[in-house]
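The following exercises concern backbone geometry and surface charge. Please work through each task before reading its solution.

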Amino acid sequence: MLLLVALLPAPLLAEAPAPDTDQLVRIARERKLSETPYWRTLLHCPVGLTPYRSFVDDPAFFLAETGKTDADAELSALIRTFFGEAPSEVPLCRFIARYTWVYEQLADVIDAPPLICDEAERLHPSSATLIFPTYHLNNPASMFGHTFLTIETDYQAPMLADAVNYAALPDSRNPITYMFKGIVGSFKGYYAILPYYKKIQEYGDMAQRDIWEYPLTLTPEETRRMVLHILELKESYSYYYFFDKNCSYMLQFLLEVARPGLSLTHEKGLTVIPIDTIKAMQKAGLITEARYRPSIGSRIQAGLGRLDKNEVGIARDLSDGTLTPGELLAMDLTDRTKRLTLDLVTDVNRYRRAKKKLSQDEFKPLFLGTLKARKTLGKGAPDEKAITAPPEPTTGHDAARISATVGVYDGDSFEELTITPAFTNLLNTDYTKREGIQIEFLRAQARFDNEESELDLQALTILDIISLSPRNPFIRPLSWTFHAGYEKRMTDTGDMKGAYSLRAATGMAWNLTDESLFFLLPEAELLASKGLDKGASVGPGLRTGILFSPADRWRMLLSGNITRRMPDDSTESRVAFETNLTVNRNNRMGLSVSRTDVESNGAWETSLSWHRYF
């Protein structure tokens, strides 16, 4: 479990009587302890935030009634609670990090040994690791990824380490309600401690999310300070906001407590995205290396790539139980093929069990039979099960983007400026080439029409998500999209009018090659606009396309969609070719050619863009 609290230095004995609590409060005020950045960090107030206000919302976290908004009152209450002659009825462990720091600051005037927290005495931490399970678009709370910490000891396997996680405790499973409440901070977020291997099962096996591990450069003493603070936070809540006060942001307070003088939380902008906080930790010297832990889905995909079509069929028969491992061993196949097949089936059965597609009674004989057969074939070559890691997340572009565009629409030239606070789009190659990922939040697009000499808001995207997850013989996820916002749309008269749109699609995607993806998504859209006969329309549609990468830093998208507007009884269609070339980490060039038609009216648009990430 966690690390044993180091013994504090014994206080010097003074001949004069020890100060009482009133005197200690006065001394603490003279030394301005409540104004120090570290005391405010212990109370979860970002450095530089004025006036002082803690980000912890649970009243039980504080000793003073006004502790959330009065740092000095909280410090005085702690001194009067734990530094008096009479034993306190308040549990020391709930305030052990704050108590320890205050004792250290006043040790020269205190004639008594420090109080002991028995729970802290049983802990033995030695190091810590930041864990980043990658993007999970099917869960709004984790669509930007997730971060948590593990606390290791010198005598434990890493998978048995404690995982320290901050997450929302939702009271709704409805995705729309879930998203809305998460945005406005209606959920309570809690710090929790649980075994790391359970988080691996949750993210790597059930959710099929690759995991990146970043060992932190914290010393054992720094790790000890962080662990004491974690004890204080158990069962205390803060209101959780998906886009800023989230898992990634709130964990930074733990690191600031661990290393005095570290400043991470004061840099919070409009959004806080896990990958940006990881980069900030790198810049602060907290991270120097990264380790890749592939999900079971990545292992299955890699296993499929090592077998031909007939061998995949054999693996499917083995996983279904229609072929026994003994029958496989008797086949006229190389030992290497047999090993790869059995390794794949082992992962498939684990995946099916994690997704509850197999009961324990069904899983056990299949799993043990496969392992027994595999054991007879030996270890094989070291590279037989090698998995190529995707790009390490911190090597990708920064989260915010500004785009400058020049183009021509229906023969008229225009210039455009687009600002996107977060995060990435389909044409980026920074994270994966096998899947299609797009998350855009609060994207604002302004266009100047040179013919009309007018500047208009072309689009304001509240949220746009595209999740294209390829299917294979063993894993068959649904792909989906969601869009909410304002945009200029063509009417059946050929005019461009402002419209509020809400659309969603769900369907399927398949890898044509390792770097190309075909998708087919039935879609529905609700549109509201003064340009519509009835002011609003609703109707079905279909979206399809091919996403591919002709080179490492180059991606292309050929797409088309058609939508029927009712009750207007009009049909809108659009075909587009888009491409994006990576110049360097934070600079991209884009080209787009599209054709939009509504009934008998249509227009071409061609544009060239420069994208700068920051």
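**Exercise 1.** In which strand is Phe-423 found? Determine also the geometry of the peptide bond that leads into Phe-423.

*Solution.* The model is a predicted one. Step one: Phe-423 lies in strand E10, which comprises residues 422–424. Step two: the peptide bond from Ala-422 to Phe-423 has an omega near 15°. Step three: this bond is accordingly assigned as cis.

**Exercise 2.** Locate Pro-567 and state whether the bond from Met-566 to Pro-567 is cis or trans.

*Solution.* Strand E18 (554–565) and strand E19 (570–584) are connected by a loop, and Pro-567 is found in that loop. The bond from Met-566 to Pro-567 has omega near 15° and is cis.

**Exercise 3.** Describe phi and the location of His-44 and of Asp-410. Is His-44 buried or exposed?

*Solution.* Begin with His-44: its phi is near 65°, a positive value in a residue other than glycine. His-44 belongs to the loop between helix H2 (37–42) and helix H3 (71–82). The relative accessible area of His-44 is 0%; buried means under 20%, so His-44 is buried. Turn next to Asp-410, which is not a glycine and yet has a positive phi of about 50°. Asp-410 is placed in the loop between strand E8 (401–409) and strand E9 (412–420).

**Exercise 4.** Which residues form a positive surface patch, and where is Arg-476?

*Solution.* The patch consists of Arg-316, Lys-355, Lys-357 and Arg-476. Of these residues, Arg-476 sits in the loop between strand E13 (470–471) and strand E14 (479–490).

How values were computed. Residues numbered from 1 in each chain as written. Predicted model: local features only at pLDDT ≥ 70, side-chain atom pairs only at ≥ 80, totals over all residues. Heavy atoms only, no water. Patch = residues over 30% accessible without salt bridge, like charges linked within 9 Å, V, L, I, M, F, W, Y side chains within 5 Å. Areas by Shrake-Rupley, 256 points an atom, 1.4 Å probe, with all protein chains shown as cover. Salt bridge = Lys/Arg side-chain N within 4 Å of Asp/Glu carboxyl O. Lys, Arg positive; Asp, Glu negative; His and termini not counted. Charge placed at Lys NZ, Arg CZ, Asp CG, Glu CD. Helix = DSSP H or I, 4+ residues; strand = E, 2+ residues; numbered from the N terminus. Buried < 20%, exposed > 50% of the residue type's maximum accessible area, 1.4 Å probe, protein only.
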